[in-house]
Amino acid sequence: MCDFFLELTLNLFEGNWRRSWIGFFLYPNGFEVARLNSSYPGGLESYIKTARELLADSKAGKNPFDGFTPSVPKGEVLTFGDNNFINFEEAGVREAQKAAFVLVAGGLGERLGYNGIKVALPAETTTGTCFLQYYLESILALQEDSCRLTQGDCQAQIPFVIMTSDDTHARTIQLLESNSYFGMEPTQVKLLKQEKVACLADNDARFAIDPNNKYRIQTKPHGHGDVHSLLFSSGLLKAWHAAGLRWVLFFQDTNGLLFKAIPAALGVSATRQYHVNSLAVPRKAKEAIGGITKLTHADGRAMVINVEYNQLDPLLRATGHDGGDLNDETGYSPFPGNINQLILEIDPYIEELTKTRGSIKEFVNPKYKDASKSSFKSSTRLECMMQDYPKTLPASARVGFTVMDAWLAYAPVKNNPEDAAKVPKGNPYHSATSGEMAIYRANSLILRKAGAQVSDPVLQVFNGQEVEVWPRIAWKPKWGLTFAEVKRKVSGSCAFSQRSTMAIKGRNIFLEDLSLDGALLIEAIDDAEVKVRGSVQNKGWILQNVDHKDASVPEELRIRGFKINKIEQLEKNYSEPGKFCLNP
């Protein structure tokens, strides 16, 4: 049987696909090959063909940007809280009824020092809300706000898709089911599982054998760009189009600020009629984040895509920009920083994927043993990135970006404590520690913009990371998903001391001349209207350092470097309909 398998494998290695296909079905592990074939657009024959082309280019040292000249594309730069921002937010909330949301969640939290799936990690520990709960509740809040703005003339539910992997699929289902989908209807949520692709052993794209099983082909993840082919092959895109949807919004798994930016960005897409809109933040020149760039080829081709920071600077220098990637008069690079959150208009999206059978441009990154580039240190595979979708679009496609301040839109959680502590001072840590503090900072700054007095932060060190500690203020998305909604619910002379903690869980809670120095927890059903006034002062909640190596502390706290000591608080829960006033 082993000889039979090897003969069939050799047939595949030599491209004799059709001659070996039936044999693979007869072989016990043939179903694995059938799965690899069916899950890749165009099948394994297409995979091998593309791999050989890309490996040849890699061996030859071909520059993928050869012949292209970079320039700054057109886009929208927003200032939080001004009339322009508020107008875009309202337009985005109206459009939300025509949108579907797609979460790319194929990764575990191992890089973070967390053994669970990343979406199960608390975004902040004041309320304990995990990332997946935050996303679901934000979509539900958008759904309700959109219906209210359009006076009920909207679809009943906003579709939500989660792309999982072998690593995360079962655990994502368990998280959803054990929490009753965090209030969302189960029929509203679809899970699409990403499959792996075959590994390649050499420049001829021969398949690599699994080191743990000589009868199997080694496989590895293909990249989050698979989300496009999964949406296309599942038929969801056509179903959404038939239902009258106009937008598909893509986001990744651990950004606790994202939905503060989505309404305005969606409003930009609708107003500017972008086919592709990339959410972006200001970036310093040469900062380790990709830049949104327009590339124009000598033959007339043009595209607006993300160019990685280590490619952007040399590309600029090679095309006449002597200083490379430099800051302009704003103090930032004119090329905005890509944060991998995309808004696509569904009609041109379907049209493009129909041409490509759902696939997008791939790349290969082999690690060669020596300068001859004749053999690999280990197997490689083709990869694809979600944000590379625009590479195949025609020059007529309307591709733009929306820039917002990083404090409002971008606080990814991806680095473990050791790696974060090594980040040079002044650069973002992108850890669980900084991600939680970013949420408190954003909420504090939003309240300031709404007219409240919020004390300045203090600097503290957790897990070797010096961070700003603002008042620990958190609220449910239904309380204030947009700035206009927050501003409507904060009035008079509200003030929050630095040592304050506040958690708001309820739609109709209004802060009027509230002075807080301590901890306040308030929860109310939707049919209860609560006005919170007066002075609240108590011993509050304090942050206590914990050692990230202390195994007696739960992982989700160890990776932050602190836990909350709940000394004293004022807590009120309004579970009956009516109008109430809290005035301690």
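1. Let's start where helices α8 and α12 meet in this predicted model. From α8, the residues His228, Leu231 and Phe232 make the contact, and their partners in α12 are Tyr349, Leu353 and Thr354. Helix α8 covers residues 226-234 and α12 covers residues 346-356; their axes come within 11 Å and cross at roughly 95°. An angle between 65 and 115 degrees counts as roughly perpendicular, so that is how α8 and α12 lie to each other. Sorted by class, the contact of α8 with α12 has four nonpolar residues, two polar ones and no charged ones.

2. Now turn to α5, and look at how α10 (residues 258-272) packs against it. The axes of α5 and α10 come within 6 Å, with a crossing angle of roughly 85°. These two helices are therefore roughly perpendicular to each other as well. On the α5 side you will find Phe85, Phe88, Glu89, Ala91, Gly92, Val93 and Glu95. Among the α10 residues that make the contact are Lys260, Pro263, Leu266, Val268 and Arg272. The class count for α5 with α10 is nine nonpolar, three polar and four charged residues.

3. Helix α5 also packs with α6, which spans residues 131-149. Here the axes are 7 Å apart and the angle is about 100°, so α5 and α6 are roughly perpendicular to each other. Which residues make this contact? They are Glu90, Val93 and Arg94 of α5, together with Leu142, Asp145, Ser146 and Leu149 of α6. By class, the contact of α5 with α6 holds three nonpolar, one polar and three charged residues. Val93 is worth finding on your screen: this residue is listed in the contact with α10 and in the contact with α6.

4. Aromatic rings come next. A search of the whole structure turns up 19 aromatic pairs. In one of them, the ring centres of Phe80 and Phe483 are 4.9 Å apart and the ring planes stand at 65°; planes over 60 degrees apart count as edge-to-face, so this pair is edge-to-face. Phe80 sits in the loop between β2 (76-77) and α5 (83-95), while Phe483 belongs to helix α16 (residues 483-489). The two are 403 residues apart, and the pair links distant parts of the chain. Are these two residues buried or exposed? Both Phe80 and Phe483 are buried.

5. Some rings join up further: ring pairs link Phe101, Phe131, Tyr134, Tyr135, Phe160, Phe251 and Phe259 into a cluster. There are also lysines placed over aromatic faces. Lys284 lies over the face of Tyr332, at 4.6 Å from the ring centre, and Lys566 lies over the face of Trp541, at 4.7 Å from the ring centre.

6. Two residues deserve a look for their backbone angles. Most residues other than glycine have a negative phi. Ser180, however, has a positive phi, near 50°. Ser180 is in the loop between α7 (169-178) and β5 (189-193), and a relative accessible area of 55% makes this residue exposed. Gln273 is not a glycine either, yet its phi is positive at about 60°. Gln273 is in the loop between α10 and β11 (276-281) and is partly exposed, with a relative accessible area of 43%.

7. Not every loop residue is on show. Gln498, in the loop between β23 (495-496) and β24 (501-505), has a relative accessible area of 18%; under 20% counts as buried, so Gln498 is buried. Beyond its sequence neighbours up to four places away, Gln498 touches Ser455, Asp456, Pro457, Val458, Val469, Trp470, Pro471 and Arg472.

8. Thr125 is another buried loop residue, at 15% relative accessibility. This threonine is in the loop between β3 (99-104) and α6. Leaving aside residues within four places in sequence, Thr125 is in contact with Glu436, Tyr440, Leu557, Arg560, Phe562 and Ile564. Leu316, 191 residues from Thr125 in sequence, is 43 Å away from C-alpha to C-alpha.

9. To finish, how accessible is Pro211? This proline counts as exposed, at 66% relative accessibility, and is in the loop between β7 (209-210) and β8 (213-217). The C-alpha atoms of Pro211 and Ile173 are separated by 31 Å, and the two residues are 38 residues apart along the chain.

Notes: Residues are numbered from 1 along each chain as its sequence is written. This is a predicted model: local features need pLDDT of at least 70, side-chain atom pairs count only at pLDDT 80 or more; totals for chains, interfaces and linings use all residues. Side-chain values use heavy atoms; hydrogens and water are left out. Rings of Phe, Tyr and Trp (its six-membered ring) pair if their centres lie within 6.5 Å; planes under 30 degrees apart count as stacked, over 60 as edge-to-face and the rest as tilted. Helices (H or I, at least four residues) and strands (E, at least two) are DSSP runs, numbered from the N terminus. Buried means under 20% relative accessible area, exposed over 50%, partly exposed in between (1.4 Å probe, protein chains only). A charge sits over a ring if NZ of Lys or CZ of Arg is within 6 Å of the ring centre and within 35 degrees of the ring normal. Axes are lines fitted to C-alpha atoms, for helices over the stretch in contact, and angles run from 0 to 180 degrees between N-to-C directions. Angles under 35 degrees count as roughly parallel, over 145 as roughly antiparallel, 65 to 115 as roughly perpendicular and the rest as oblique. Contact means heavy atoms within 4.5 Å. Ala, Val, Leu, Ile, Met, Phe, Trp, Tyr, Cys and Pro count as nonpolar, Asp, Glu, Lys and Arg as charged, and the others, Gly among them, as polar.
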